[in-house]
Amino acid sequence: MLAIRDDDTSYWTNPDDLDYIYGKYIRQGIKLSLAVVPESYRLIFPGDRRKFYIIKEKHFVYENKMLVDYLRPYVSSGQIEIMLHGYDHSYCVQTHGKHMLLDMDTRAAIGESVPDNMLPECVYKENIQIKMELARGKEILEDTFKTVVKTFVPPSNALSASVVSEIERLGMNISGTMTNKFNREIDFCSLLVFAKKIMWKRNKGVVSYPYVMVYKKHKELVGHSFTPSTNYEKYIQGFQKCREIGCDFTVATHYWELIENDKMRNVFYEFLNYAFESEDTACLRELFMDEK
């Protein structure tokens with residue numbers, strides 16, 4: 001099965017943009033998984049780490065009524081899955097032991113240097129805060145789109161073991177390109193998954209560990225990032241490898257990058273048309289359900 005995961009839908013999303021990228025395919029019956037930010041800041045230059053900053057203005061996704069009205073029928077029919085994508089998608093820079101929101105003032109202070117200490121919300125936020133926000137964010141999305149949220153997508157694919165425990169408590173699985181470093185609760189299942197990932201990397205190497213990773217109370221599946229820096233030839237090879245061994249393949253991309261980059265969008269469409277020749281589409285929650 002092929003899953004299409006698109007990140008960063010929020011209050012700031014124009015539904016015409018989603019329709020521009022996916023409308024034709026949606027009307028042909030494909031399934032789409034959207035990672036949605038419940039109460040989002042506005043991100044400026046999100047694809048450029050030299051210029052990126054945050055405007056300190058937040059809005060709930062349900063305030064964008066045009067977006068909600070566009071998505072709800074597809075969510076109701078099961079064609080579009082709503083996933084939780086953090087809470088506000090914020091980033092901080094750690095300076096002198098303090099976390100400073102990467103807003104306009106902070107960006108002006110550091111100029112166009114790429115901050116090595118830029119941290120996404122599921123890393124820099126205190127445990128009490130992030131736990132409260134994830135629970136609230138899930139509730140907001142479920143109430144807004146009249147659905148049950150079963151999948152979590154961590155912003156920047158970064159999260160801590162304590163955040164994973166909260167995701168388990170909320171009954172969600174995880175989609176993302178996680179680090180090979182061990183940062184899960186220590187138990188037999190997590191150690192077994194880690195060993196499998198290490199052995200796969202040593203023996204295969206063509207694609208990230210492609211199987212559903214079964215932990216004690218949740219499951220994880222890698223998302224294969226499709227960005228402007230993607231080596232598209234190797235991307236096809238990875239997809240073909242997954243097809244050969246019978247693994248599901250998740251395309252992870254951003255609608256706003258596809259809109260901004262004509263070459264990326266054209267290659268993306270070429271890949272989808274190629275993949276659809278041999279693969280049916282599924283929402284991520286279905287891929288997790290299929291894995292026993």
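Start by selecting helix α6 in this predicted model and look at what surrounds its covered side: the buried residues of α6 pack against α4 (121–124), α5, β9 (151–152) and β10 (173–175). To see which side chains are involved, show V163, V164, E166, I167 and E168, the buried residues of α6. Then step just past the end of the helix and click on G171, where phi is positive, at about 75°.

**Next stop: α5 beside α6**

Keep α6 (residues 161–169) on screen and add α5 (residues 127–145). The axes of these two helices lie 10 Å apart and meet at an angle of about 30°. Angles under 35 degrees count as roughly parallel, and α5 and α6 are therefore roughly parallel to each other. Turn the view so that one helix lies in front of the other, and you can follow a right-handed crossing as α5 passes α6.

Now bring up the side chains of this contact. From α5, select N127, I130, K131, L134 and A135; from α6, select S162, V163, E166, I167 and R169. If you colour them by character, you will find 5 nonpolar, 2 polar and 3 charged residues in the contact of α5 with α6. V163, E166 and I167 may look familiar, since they were also among the buried residues of α6.

**Another helix pair: α1 and α10**

Select α1 (residues 15–27) together with α10 (residues 262–276). Their axes come within 12 Å and cross at roughly 15°. Which way do they run relative to each other, parallel or antiparallel? With that angle, α1 and α10 are therefore roughly parallel to each other. Their crossing is right-handed.

On the α1 side, the contact uses Y20, I21, Y22 and Y25, while α10 brings R265, F268, Y269, L272, N273 and F276. Sorted by type, the residues of this contact come to 8 nonpolar, 1 polar and 1 charged.

**On to a small set of strands**

Move to the open sheet made by 3 strands, in the order β7-β6-β8, with antiparallel pairing. Select β7 (98–101) and β8 (118–120) to mark the edges, as each of them pairs on one side only. On average, neighbouring strands here are turned by 40° against each other, direction ignored.

Zoom in on β6 (residues 91–95), which pairs with β7 in the antiparallel sense over 4 bridges. For one of the partnerships, pick C92 and look across to β7: its bridge partner there is L101.

**Last stop: the covered strand β14**

Select β14 (residues 249–254). How many of its residues are buried? The answer is 6 of 6, so there is plenty of protein to hide before you get a clear view. In a regular strand the side chains alternate between the two faces of the sheet. You can follow that here: F249, V251 and T253 point one way from β14, and T250, A252 and H254 point the other way.

Now add the partners of β14. Strand β1 (residues 2–9) pairs with β14 in the parallel sense over 6 bridges, and L2 has F249 as its bridge partner in β14. Strand β13 (residues 224–225) also pairs with β14 in the parallel sense, over 2 bridges. To finish, click on H224 and find V251, its bridge partner in β14.

Definitions and conventions. Residues are numbered from 1 along each chain as its sequence is written. This is a predicted model: local features need pLDDT of at least 70, side-chain atom pairs count only at pLDDT 80 or more; totals for chains, interfaces and linings use all residues. Side-chain values use heavy atoms; hydrogens and water are left out. Axes are lines fitted to C-alpha atoms, for helices over the stretch in contact, and angles run from 0 to 180 degrees between N-to-C directions. Angles under 35 degrees count as roughly parallel, over 145 as roughly antiparallel, 65 to 115 as roughly perpendicular and the rest as oblique. A crossing is left-handed if the near helix is turned anticlockwise from the far one by less than a right angle, and right-handed if clockwise. Contact means heavy atoms within 4.5 Å. Ala, Val, Leu, Ile, Met, Phe, Trp, Tyr, Cys and Pro count as nonpolar, Asp, Glu, Lys and Arg as charged, and the others, Gly among them, as polar. Two strands pair if DSSP finds at least two bridges between them. Buried means under 20% relative accessible area, exposed over 50%, partly exposed in between (1.4 Å probe, protein chains only).
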